[in-house]
Amino acid sequence: MTASAPAPTSVSDDRPLGDQPLPPVAGARPRAAHKGQQTKAAIIDTALDMAMHIGLEGLSIGALAQALGMSKSGVFAHFGSREELQISVVVEYHRRFEQEVFFTAIRQPRGLPRLRALFANWMQRTSIELDSGCIYISGAIEFDERTGPVRDALVESVSTWHAALRRAIVQCKECGDLRADTDESQVLFEVHGLILVLHYEARFMRLPDSLPRAQRGFDNILQRYGITQA
């Protein structure tokens, strides 16, 4: 693996996953007029949809312009490079992920209710992405041996999410829902593994019982680390 962005050291309960800034986009322009922002948002929305199906490396200014009915120069007016476009897609994907998975879950009490909500939300998003794809997973495959701002943005986003999930696991220990000697990084590793397997089994293998199996796997993890009542 090549050098990556440093993982956030902590995530506050009440702050978004993005409390650590993503790497700056080289050549970013000053804030445009409202209409320009609307156009840029529409471009990013279309680019994200494309990237979820064909990957970040599949994005091109030309293909995006064609899909939007715009000229290449029109797209270039908002994104001066393909790399800048890719980073903007990663940032938007992360924003949607935290809105759907993180923010609703932290309304739950600390401890097991919050951890369960985080996993349930993650499962829900994963089930929706089975028909398209996950930028975090496809991006890891595309950029695992590369260096540069796009990989850094991906690593920073995933690291920030993992820091939030790890904190929720620590809170389970503090609340007495998990054993005090529980290794939170090991639990995170196993929970993340369930999501990766779910994508493989449900999206690639098309196995119909993948979602309930992932849920049972999560329950088994909790029981193994000290939960007496699933």
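**Helix packing in a predicted all-helix chain**

Serine 88 is in contact with Ile44 and Phe79, leaving aside its neighbours within four places in sequence. Serine 88 has its place in helix 4. The residue is buried, because its relative accessible area is 12%, under the 20% cut-off. These values, like the others below, come from a predicted model.

Valine 90 is also found in helix 4. At 0% relative accessibility, valine 90 counts as buried. Not counting residues up to four places away in sequence, valine 90 touches Leu56, Ala153, Leu154 and Ser157. Isoleucine 44, a contact of serine 88, can also be located relative to valine 90. The C-alpha atoms of valine 90 and isoleucine 44 are separated by 9.7 Å. Along the chain, these two residues are 46 residues apart.

The wider setting is helical. The protein chain has nine helices and zero strands. Read along the sequence, the pattern is α-α-α-α-α-α-α-α-α. Of the 230 residues in the protein chain, 44% are buried. Contacts with a separation of 6 or more were also examined in the protein chain. Residues 24 or more positions apart account for 75% of them. The protein chain exposes about 11700 Å². Carbon and sulfur atoms supply 54% of that area.

Helix 4 spans residues 82–103, and helix 5 spans residues 112–129. The two helices pack with their axes 8 Å apart. The angle between them is about 130 degrees. Helix 4 is therefore oblique to helix 5, since the angle falls outside the ranges for roughly parallel, roughly perpendicular and roughly antiparallel. On the helix 4 side, the contact is made by Tyr93, Arg96, Phe97, Glu100, Val101 and Phe102. Helix 5 contributes Leu118, Asn121, Trp122, Arg125 and Glu129.

Threonine 104 has its place in the loop between helix 4 and helix 5. Threonine 104 is partly exposed, because its relative accessible area is 31%, between the cut-offs of 20% and 50%. Not counting residues up to four places away in sequence, threonine 104 touches Gln99 and Asn121. Asn121 is also one of the helix 5 residues that make the contact with helix 4. The C-alpha atoms of threonine 104 and asparagine 121 are separated by 8.3 Å. The two residues are 17 residues apart along the chain.

Helix 7 covers residues 149–174 and has 26 residues. From its first C-alpha to its last, helix 7 reaches 37 Å. This is close to the 38 Å expected at 1.5 Å a residue. Helix 7 is mostly covered, with 19 of its 26 residues buried. Just after helix 7, glycine 176 takes a positive phi of about 85 degrees.

Helix 8 covers residues 184–204 and has 21 residues. Its reach from first C-alpha to last is 30 Å, close to the 30 Å expected at 1.5 Å a residue. Buried residues in helix 8 include Val187, Leu188, Glu190, Val191 and Leu194. Ile195, Leu198, His199 and Ala202 of helix 8 are buried too. The buried residues of helix 8 pack against helix 5, helix 6 (135–143), helix 7 and helix 9 (210–224).

Arginine 206 lies in the loop between helix 8 and helix 9. At 57% relative accessibility, arginine 206 counts as exposed, because the cut-off for that class is over 50%. Phi of arginine 206 is near 60 degrees, a positive value in a residue other than glycine. Most residues other than glycine have a negative phi.

The cysteines were examined last. A search of the whole structure finds zero disulfides. Cysteine 175 is partly exposed, with a relative accessible area of 43%. The closest cysteine sulfur to that of cysteine 175 is in cysteine 172, at 6.8 Å. That distance is too far for a bond, because a disulfide needs the two sulfur atoms within 2.5 Å. Cysteine 134 has 10% relative accessibility, so this residue counts as buried.

Notes:
Residues numbered from 1 in each chain as written. Predicted model: local features only at pLDDT ≥ 70, side-chain atom pairs only at ≥ 80, totals over all residues. Heavy atoms only, no water. Buried < 20%, exposed > 50% of the residue type's maximum accessible area, 1.4 Å probe, protein only. Helix = DSSP H or I, 4+ residues; strand = E, 2+ residues; numbered from the N terminus. Expected span 1.5 Å × (residues − 1). Contact = heavy atoms within 4.5 Å. Areas by Shrake-Rupley, 256 points an atom, 1.4 Å probe, with all protein chains shown as cover. Axes fitted to C-alpha atoms, helices over the stretch in contact; angles between N-to-C directions. Parallel < 35°, antiparallel > 145°, perpendicular 65-115°, else oblique.
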